[in-house]
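Here is a friendly walk through how some helices pack, how the domains meet and what surrounds the ligand. Keep the structure open beside you as you read.

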Amino acid sequence: MSLSDYFAEFIATNEMTVWSDCDALPEVSAVEYAPGAMALVPRAIEGSPEATIISAGIHGDETAPIELFGELLAALDAGQLRVGAPTLLIMGNRRAIAAGRRYIDTNLNRLFRRETLLQDDHRFECQRALELMHAVDRFMSDVVKNNDAGSVLHLDMHTAIRDSRYPRFAVEPFSETPTPDAVWQQLASAGLQAGLSQHQHSWTFSHYTRHYHGAQGFTLELGRVAPFGSNDLEPLAPMLDLLRARIAGTHDSIANQRPLVRFVVTDEIMRKSDDFELCFADDIANFTEFPPGSCLARDGNDGEWIVREAPVHVVFPNANVERGARALLLARPLASEYPGTQ
Ligand SMILES: O=C(O)CCC(=O)N[C@@H](CCC(=O)O)C(=O)O
Ligand SMILES: [Zn+2]
């Protein structure tokens with residue numbers, strides 16, 4: 001069975017496949033850790049190549065990452081891309097992808113918290129989060145033998161609901177340990193234009209790999225949500241190059257030529273009540289700046305949110321989130337960007 005057929009079958013059925021071997025990849029041991037979570041490990045590893053976790057489709061309507069993922073599978077199946085480093089390929093929310101929706105029962109990308117996620121919560125995404133956490137745990141325990149956990153890169157690929165002043169940007173989950181410059185440089189070389197650092201735990205998938213495993217987890221926003229077949233993959237060519245290089249274990253050779261602008265989250269506004277609205281037009285771009293005195297949101301519980309002393313940039317505004325969920329992030333430019341990126 002080819003990898004492309006495997007993931008197509010997973011989306012269609014959600015079955016655990018009896019996966020003996022992949023004809024197209026004789027030099028690779030392919031192990032299915034969960035439905036739609038396939039680890040590829042070269043049978044003969046030279047040195048300690050850095051491992052990578054590549055995930056797409058955590059939100060089912062974010063199709064460009066799923067198309068990029070498909071390009072990787074096709075290249076692997078055709079023998080045009082060789083696996084030179086341990087790689088975990090994950091397709092996220094099968095039912096939401098099939099339905100063309102962000103999620104079925106609840107937002108999968110808020111559930112990756114060991115301490116609170118319950119085995120007997122039968123909402124679709126809760127069960128899927130458990131499977132994905134288990135798959136990552138197994139991959140980390142298998143590959144960490146040969147890798148320093150801090151060198152494992154997790155790229156969780158998404159697209160944003162709205163336009164952005166920086167169409168491609170990375171969200172760095174909160175962590176006590178700063179991301180090494182070399183990792184930011186890899187992201188910059190992949191065409192990422194901005195980096196947004198979270199100020200607190202957010203329990204997303206990329207936060208899971210960072211918080212519980214010490215990996216370099218990132219959520220990547222790769223343009224804007226569009227239906228399958230309507231994505232312009234051209235601006236994502238450098239991203240595809242990075243993914244290919246990580247799988248091949250050759251990413252060191254990527255030269256950084258592009259700038260990456262850094263922001264830090266300073267606050268988040270939650271939707272506390274049903275009576276919640278944003279004070280600005282629905283179609284503003286991510287990273288739009290609001291001066292002091294601007295109204296950002298009105299909530300039946302919390303009242304009005306007004307910008308205080310310094311301007312803020314708003315990211316991911318969405319008045320239609322579930323009650324108790326994040327409705328927007330407020331960010332400020334980071335004073336010191338890493339050297340050589342501006
Ligand atoms: O455009 C939007 O409003 C949402 C796009 C998206 O799915 N973003 C991720 C970001 C995760 C993070 O904060 O690391 C999400 O909301 O899950
Ligand atoms: Zn998303």
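The helices α2 and α7 cross in a right-handed sense. This comes from a predicted model, so please read every value below as computed from that prediction. Helix α7 covers residues 237-248, and its axis lies 11 Å from that of α2, at an angle of about 45°. That angle makes α2 oblique to α7. If you would like to find the contact on screen, look for L68, E71, L72 and A75 in α2, which meet M239, L240, L243, R244 and I247 in α7. By class, this contact has seven nonpolar residues, two charged ones and no polar ones.

Helix α2 (residues 63-77) also packs against helix α1 (residues 3-13), at an angle of about 140° and with the axes 8 Å apart. These two helices are therefore oblique to each other. From α1, the residues L3, S4 and F7 take part, while α2 brings G70, L73, A74, L76 and D77. Five of the contact residues are nonpolar, two are polar and one is charged.

Now for another pair. Helix α4 spans residues 124-143 and helix α6 spans residues 205-213; their axes come within 11 Å and cross at roughly 40°. That makes α4 oblique to α6, and the crossing is right-handed. On the α4 side you will find L132, M133, V136 and M140, which meet F205, Y208, T209 and H213 of α6. The contact has six nonpolar residues, two polar ones and no charged ones.

Here are the three helix contacts by residue class:

| Helix pair | Nonpolar | Polar | Charged |
|---|---|---|---|
| α1 and α2 | five residues | two residues | one residue |
| α2 and α7 | seven residues | no residues | two residues |
| α4 and α6 | six residues | two residues | no residues |

How is the protein divided into domains? Domain 1 runs over 3-253 and domain 2 over 268-333. The C-alpha centres of domain 1 and domain 2 are 29 Å apart. Domain 1 gives 11 residues to the contact and domain 2 gives 10 residues. The side of domain 1 that touches domain 2 has four nonpolar, three polar and four charged residues.

Finally, which residues come nearest to ligand 1? Of the 14 residues around ligand 1, they are N109, A160, I161, T219 and F316. Sorted by class, the shell around ligand 1 holds eight polar, five nonpolar and one charged residues.

Note on methods. Residues numbered from 1 in each chain as written. Chains lettered and ligands numbered in written order. Predicted model: local features only at pLDDT ≥ 70, side-chain atom pairs only at ≥ 80, totals over all residues. Near = placed C-beta within 6 Å. Nonpolar A, V, L, I, M, F, W, Y, C, P; charged D, E, K, R; others polar. Axes fitted to C-alpha atoms, helices over the stretch in contact; angles between N-to-C directions. Helix = DSSP H or I, 4+ residues; strand = E, 2+ residues; numbered from the N terminus. Parallel < 35°, antiparallel > 145°, perpendicular 65-115°, else oblique. Left-handed = near helix turned anticlockwise from the far one by under 90°. Contact = placed C-beta atoms within 7 Å. Domains from an automatic or database assignment.
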